[in-house]
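Subject: A structure to look through

Hello,

Please find the sequence and the structure just below. I would suggest keeping them open while you read, since the notes that follow go through them one part at a time.

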Amino acid sequence: MSKIITIHSSKGGTGKTSIAFNLACAYAISGKNVCLLDMDMRTPSSFHNLFPRPKRWFNDVLNGKCGINDIIVDATDEIGSEGKLYVGYSNPDIGAIRDISGKDRIWQARALKNLMTIRPELIRSDIDMILLDTPPGTDFISMNSIVASDYVLMVVKPGKCNLNCMKQMIDGVYSSLGKNYGVVENMYHKGQLSLCGSEVGIPSIMSIPCSCDVSVNGNCEVFTLTRTQHMFSTSIFDLMDKISDVLEIP
Ligand SMILES: Nc1ncnc2c1ncn2[C@@H]1O[C@H](COP(=O)(O)OP(=O)(O)OP(=O)(O)O)[C@@H](O)[C@H]1O
Ligand SMILES: [Mg+2]
C-alpha cells in the first residue's frame, strides 16, 4: 500500500521543495518507487528543467481537464535509480500562475473534487511512496493534501519568531486532524537556538545545516543525485531513514 507524505510549512521559503525533490530521489536511489507532485501552483518549482518536460500540468488536473496519471512523467532513466521516479509539476508559466491567483470559491470547490481523485488514481501497484510538495500555510491545496496524507513533514527555519506560526499549525491543523507528523529544522546555523529543542517543547526529527552550496545551486541541482557525500545529502538520507522507521517502510 502506497504511503503519502506531505511536505508542508507554515511560512514560505523554508526549503520544502528542496527537501521534497532530494528526498524523492533518495527514496528512488534506495530502490523505492516514488511519485513526487509539485502542488504549489503559485510558486511552481524549477526542477521540471532537470527532468523530461511534461505535456500537461497539475493545473490541468484541478481544472478537470485530465487525470493525475496523464501529467506524471517517468524520470527514472534521467536519474539512473534502482526504483522508479515519477514526477508531476505545476505550470510555471506566468499566465498559469495569474490564472490560479484569480480563481474563486466555486472553482475551488470543483478543484477539490478533482483533487480527491488523485489518491485512488495514483495508488498504482508499483508506487511505494507519494510525496506532495505543497504551498505554505492554509492554502486549500495544502489542507487537502494534509487530510489525504499518512505523514506530514513540517519544514521550519530556526528562529524564535517562527515559533507561534509553527505551534498554531501543529495544534490547529495536524493534531486536530490526528495526523502523524514530524518537524525538520532546515538551514540551521551552528550555535543558533534550535526551535525544536526541548526548550520549546516541539520534538524535531533533525536539523539540516544551512549550506551556501544549497542556497546557490539548490534550485537547479538535486544534491542526493549529484553530491551524495555533501552534508545536505547525508542529512536527507538520514531523514529518509527516520521517516521510513516511523512509517514502518522496510
Ligand atoms: N539547507 C539549506 N541551506 C541553504 N539554503 C537552502 C537550504 N535548503 C534550502 N535552501 C535554499 O532556500 C531557498 C528556498 O528553498 P525552497 O524553494 O526549497 O523553499 P520552499 O519552502 O519550497 O519555498 P516556497 O514556500 O516558496 O515554496 C532556495 O534558494 C534553496 O536553495
Ligand atoms: Mg516550494
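A good place to begin is helix α8, which spans residues 163-175 and whose buried residues are M166, M169 and V173. An α-helix has 3.6 residues a turn, so residues three or four places apart point the same way. The partners of the buried residues of α8 are α7 (140-148) and β6 (151-156), against which they pack.

Before going further, please bear in mind that this is a predicted model. The mean pLDDT of the protein is 90, with 96% of its residues at 70 or more. Among the elements, α1 has the highest mean pLDDT, at 97, while helix α6 (residues 118-122) has the lowest, at 81.

Next, please look at strand β4, which covers residues 85-88: L85 and V87 point one way and Y86 and G88 the other way, yet all of them are buried. Which strands pair with β4, and in which sense? Strand β2 (residues 34-38) pairs with β4 in the parallel sense, over four bridges, and within this pairing G88 is the bridge partner of L37. Strand β3 (residues 73-74), by contrast, runs antiparallel to β4 and is joined to it by two bridges, with V73 standing opposite V87.

The largest nonpolar core holds 66 residues, and those that touch the most other members are L23, A24 and L131. Helix α1 gives the most to this core, namely ten residues. If you would like to follow one residue through the core, L131 is a useful choice: leaving aside residues up to four places away in sequence, L131 touches I5, I7, A20, L23, A24, V34 and L36.

Finally, there is ligand 1, which has 21 residues around it, and of these G12, G15, T17, S18 and G218 come nearest. Which elements supply at least two residues each to the shell around ligand 1? They are α1 (16-29), β7 (181-188) and α9 (212-217), and the largest share, three residues, comes from α1. Sorted by class, the shell is made up of 13 polar, six nonpolar and two charged residues.

If you take one element away from these notes, I would suggest α1, as this helix gives the most residues to the largest nonpolar core, supplies the largest share of the shell around ligand 1 and has the highest mean pLDDT among the elements.

With best wishes

Key. Residues numbered from 1 in each chain as written. Chains lettered and ligands numbered in written order. Predicted model: local features only at pLDDT ≥ 70, side-chain atom pairs only at ≥ 80, totals over all residues. Near = placed C-beta within 6 Å. Nonpolar A, V, L, I, M, F, W, Y, C, P; charged D, E, K, R; others polar. Buried ≥ 20, exposed ≤ 12 C-beta atoms within 10 Å, placed from the backbone. Contact = placed C-beta atoms within 7 Å. Pairing = 2+ DSSP bridges. Core = buried A, V, L, I, M, F, W, Y, C linked by C-beta atoms within 7 Å. pLDDT = per-residue confidence, 0-100.
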